[in-house]
Every structure is written in structure tokens, then in C-alpha cells.
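Okay, thanks everyone, I'll keep this short. Have a look at the model on the screen and I'll walk you through a few side chains.

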Amino acid sequence: MMLTAEQLMASHKANIETLFGLTQKAFEGVEKLVELNVQATKAALAETANNAQAVMGVKDAQELLALQASMVQPLAEKTAAYSRHLYDIAQSAGAEISKTFEGQTAEAQKKFADLIESSTQNAPAGSETAVTMMKSAMTAANTAFESVQKAVKQAGDMAETNFNSVSESALSATKNASKKR
């Protein structure tokens with residue numbers, strides 16, 4: 001079965017629309033990242049100015065050590081929050097792109113299945129074995145693809161759990177270190 005010119009043009013148009021959609025999603029992620037970095041930079045500058053003023057008001061070494069100790073915990077919390085925002089932006093952009101690819105893959109699988117079905121209806125007598133093998137191969141490929149999708153999702157979920165665990169551990173360790181001082 002051959003593709004007609006209209007089908008080919010429709011396919012190209014759909015691919016271009018998908019490309020522009022993915023580009024838009026990627027650009028939105030970059031926008032969020034830039035916004036996060038601008039906010040973080042503004043906050044860091046304000047905090048640096050406040051800390052510099054506080055250091056200028058220190059009268060002795062013990063007061064300086066206490067001031068430094070009081071700065072560690074908020075810095076760790078802000079670093080963890082920044083990392084969390086960064087991770088959320090990446091996760092959101094990745095999920096959008098994955099959703100688009102999954103939709104495209106599902107549509108391609110459907111079109112391929114329709115093509116095979118159409119081809120098998122027009123197959124010459126005696127080709128039932130080849131038709132069965134082709135359908136079986138398509139089913140196996142779809143099953144393998146679904147298995148890969150599940151594995152990728154599980155890996156992503158595990159990475160998020162590990163990220164949360166490491167962040168909590170780092171914050172806890174910083175809190176404990178601050179309390180000991």
C-alpha cells in the first residue's frame with residue numbers, strides 16, 4: 001500500500017506541528033529556569049548585603065562565629081529549595097515532552113496497525129502464515145515498547161525519591177551541625 005501525496009503532506013504537517021510544540025515546551029522550560037535564576041540572584045544579592053552589614057557590626061570573634069553559624073542553616077535550606085525548583089522545572093518539561101512522544105508513538109502504532117490490517121486483507125491466498133508472523137511481530141514490538149516506557153517511568157520515580165531523600169538528609173545534617181555549634 002503506497003502513501004498518497006495528501007497523506008504524505010499531512011504527515012509532514014503533523015511532524016512540523018509536533019516539532020513546534022516541542023520547541024515551545026522547551027522554551028517554556030528555559031523561561032522558568034531563567035526566572036528562577038533571576039529570583040535566586042536577587043535574593044542572594046540582598047542576603048549578601050544584609051550579611052555584610054551584620055559582619056560589620058560584629059564586636060568580637062565569638063560574635064562572628066555565632067553569626068557564621070546562624071548563616072549556615074538558611075543557606076542550606078535555600079540551596080535545597082533552589083535544587084527542588086530546578087528539579088521540578090526539568091521534571092515538568094520532561095513530562096510534557098514524554099507525553100508528546102507517547103502520543104506520537106501511539107498514533108504511529110495505530111497507523112502501522114491499520115496499514116498491516118489493510119495489507120493483510122488484500123494479501124494473496126496462502127500468505128496467512130506471513131500475515132500471522134507480521135501481526136505477531138507488531139504485537140511483540142508494542143509490548144517491548146510498553147515495557148521500556150514502564151521501566152523509564154520507574155527509573156524516574158526512583159530518581160525523584162532518591163533526590164528527595166538526599167535533600168532531606170542534607171537539610172537534616174545541616175540542622176544538626178548548626179545545633180552543635
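So, let's start with Val30, which sits in helix α1, the stretch covering residues 5-56. Before I go on: this is a predicted model, so please keep that in mind. Val30 comes out at 47% relative accessibility, so it counts as partly exposed. It belongs to a nonpolar surface patch together with Val34 and Val38, and the three of them add up to about 240 Å² of accessible area.

Now the helix as a whole. α1 runs for 52 residues, and the distance from its first C-alpha to its last is 76 Å, close to the 76 Å you'd expect at 1.5 Å a residue.

Which residues of α1 are buried? That list is Thr18, Leu22, Gly29, Leu36 and Glu47. Take Thr18: its relative accessibility is 17%, and because buried means under 20%, it makes the cut. And what does Thr18 touch, once you leave out residues up to four places away in sequence? Thr100 and Gln104.

Glu47 from that buried list is worth another look, since it brings us to the charges. Searching the whole structure turns up four salt bridges. In one of them Glu47 pairs with Lys78, and their closest N and O atoms are 2.3 Å apart. Glu47 is in α1 while Lys78 is in helix α2, residues 61-121, so this pair ties together parts that are 31 residues apart in sequence. The two ends sit in different surroundings, by the way: Glu47 is buried, whereas Lys78 is partly exposed with a relative accessible area of 44%.

Next, a pair within α2. Arg84 bridges to Asp88, with 3.4 Å between the closest N and O atoms. Both are in α2, four residues apart, so about one turn of the helix. Arg84 has a relative accessible area of 24% and is partly exposed; Asp88 is also partly exposed, at 37%.

Last one: Lys99 and Glu96, where the closest N and O atoms are 3.8 Å apart. For anyone thinking about cut-offs, the salt-bridge limit here is 4 Å. These two are in α2 as well, three residues apart, again about one turn. Is Lys99 buried or exposed? Exposed, with a relative accessible area of 54%, while Glu96 is partly exposed at 25%. Lys25 comes in here too: salt bridges with shared partners join Lys25, Glu96 and Lys99 into one network.

That's my tour, happy to take questions.

Note on methods
Residues are numbered from 1 along each chain as its sequence is written. This is a predicted model: local features need pLDDT of at least 70, side-chain atom pairs count only at pLDDT 80 or more; totals for chains, interfaces and linings use all residues. Side-chain values use heavy atoms; hydrogens and water are left out. Patches are made of residues with over 30% relative accessible area and no salt bridge: like charges are joined within 9 Å, nonpolar side chains (Val, Leu, Ile, Met, Phe, Trp, Tyr) within 5 Å. Accessible areas come from the Shrake-Rupley method with a 1.4 Å probe; for residues, only the protein chains shown count as cover. A salt bridge is a side-chain nitrogen of Lys or Arg within 4 Å of a carboxyl oxygen of Asp or Glu. Buried means under 20% relative accessible area, exposed over 50%, partly exposed in between (1.4 Å probe, protein chains only). Contact means heavy atoms within 4.5 Å. The expected span of a helix is 1.5 Å times one less than its number of residues.
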